[in-house]
Amino acid sequence: MNTELRVIHVITRLIIGGAQENTVSSVLGLRLKPNLSVQLISGDASVPASGPGQPATLTHGSEGSLESKFTNLPGVLSTIPELVRPIHPWNDLRALRRLTHLFRERRPHLVHTHSGKAGVVGRFAARRARVPVIVHTIHGPSFGPFQGLAANYLFRAAERHAARRTDHFISVADAMTEQYLAAGIGQPGQFTRIWSGFDLEPFLKAKSDPLLRAKLGFGPSDFVLAKLARLAPLKGHCDLFAVAPRLVERCPQIKFLLIGDGPLRAQFEKRVASLGLKERFIFTGLVEPEQVPSLLGISDALVHLSAREGLPRALPQALAAGKPIVAYAADGAPEVCLEQKTGFLVNPGDAPTLAARLLTLAQDPGLAGAFGAAGRELVRERFGVQRMVDDIYALYLKLAARAGLLTPLNEIS
């Protein structure tokens, strides 16, 4: 039997986002565990930046990149340009072949895939290369009411086929396990829920810095409502814009902090201007993950209105900073946004209730503070990055021992 377990993670792209931050933290943390060798394969996060007739250059665009996390770790990160997010039969076939070749060359004992495209292509490649153990993390659903019937049929079928090549699933929320089992994907004994952990300390220490508030245009008495999400479809920004005039009319001190960037920024800026609320909305643009704690620190509450998430990291991050939350009751959000304990849950699309709950927090500082305090304790218990890494490591060893690859867990020093 082996004394070292070789593991390769695969993800579609390393933009700045929850699934990507989870994957990077997992890889970096697992590299420090004994008896483990860990590498990561990703699609290329850069995009063409040149104009027509100009030399081609590359940029990481409005979604940023986490590739710099591996700058001082040569040999850990490999990129495959053919591994792209959109469905592209030619590139998908080339990515399948490249991954199969790399797996055969590097001979991992375990392949761990993340995200939709890399999850399907990576698992097919791993099985073709006869990798002994294949694990997939469900960061969010690839099917659901947020898209049409044809897309749902295609993605459900792809997930069912990939599931036959999967030894175990990690779900970031119990809701993901329930949705996949209901869709006929996998068996109950194949799923383990592991919370998507992060470094808690910067969030637990986050304070409301008056200088930063002033720099961004917020006064001492302003109620700052933050939304931490890419400026992209399905993130619910338009639902916030729809209730914003009502909120400002009822609560003149309210202002909005939109943390993040994305392809819809120009459209959103025009929208708030058309509402006469240009001075009320602050767009931060792209921010590095290390900047998020200070921005949540100057906020008074967080609103999260995504139509599709596994368990959005923005929610536990805001709670770790002691901020109450209002979230749509979708996917894994109810597992951390506990109704009238850490915040308020709202049915997706229920604009009157959304406005009422946000006004309640703005007008009742005592209640907002109680929600934030309760949330901080909940997150401290569940969402530490070390707990996530420890749980993944224990699962790896269990699966490896079951496959006859390593000595049992209690025999490994």
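**Note on the parallel sheet and nonpolar cores**

1. Strand 14 (residues 325-328) pairs with strand 15 in the parallel sense over four bridges; pairing requires at least two bridges found by DSSP. Strands here are DSSP runs of E with at least two residues, helices are runs of H or I with at least four, and both are numbered from the N terminus. Within this pair, Tyr328 stands opposite Val346 of strand 15.

2. The model is predicted: local features need pLDDT of at least 70 and side-chain atom pairs count only at pLDDT 80 or more, while totals for chains, interfaces and linings use all residues. Residues are numbered from 1 along each chain as its sequence is written, and side-chain values use heavy atoms, with hydrogens and water left out.

3. The open sheet comprises six strands in the order 12-11-10-13-14-15, with parallel pairing. Strand 12 (281-283) and strand 15 (343-346) are at the edges with a single partner strand each, so one side of each has no neighbour in the sheet. From one strand to the next, the twist averages 20 degrees.

4. The largest nonpolar core (buried Ala, Val, Leu, Ile, Met, Phe, Trp, Tyr and Cys residues joined through side-chain atoms within 4.5 Å; buried means under 20% relative accessible area with a 1.4 Å probe, protein chains only) has 48 residues. Leu257, Ile259 and Leu302 are among those with the most contacts inside this core. Helix 11 supplies its largest share, five residues.

5. Another core, of 34 residues, lies apart from the largest one and includes Phe223, Cys251, Val346 and Ala362.

Methods:
Axes are lines fitted to C-alpha atoms, for helices over the stretch in contact, and angles run from 0 to 180 degrees between N-to-C directions. Buried means under 20% relative accessible area, exposed over 50%, partly exposed in between (1.4 Å probe, protein chains only).
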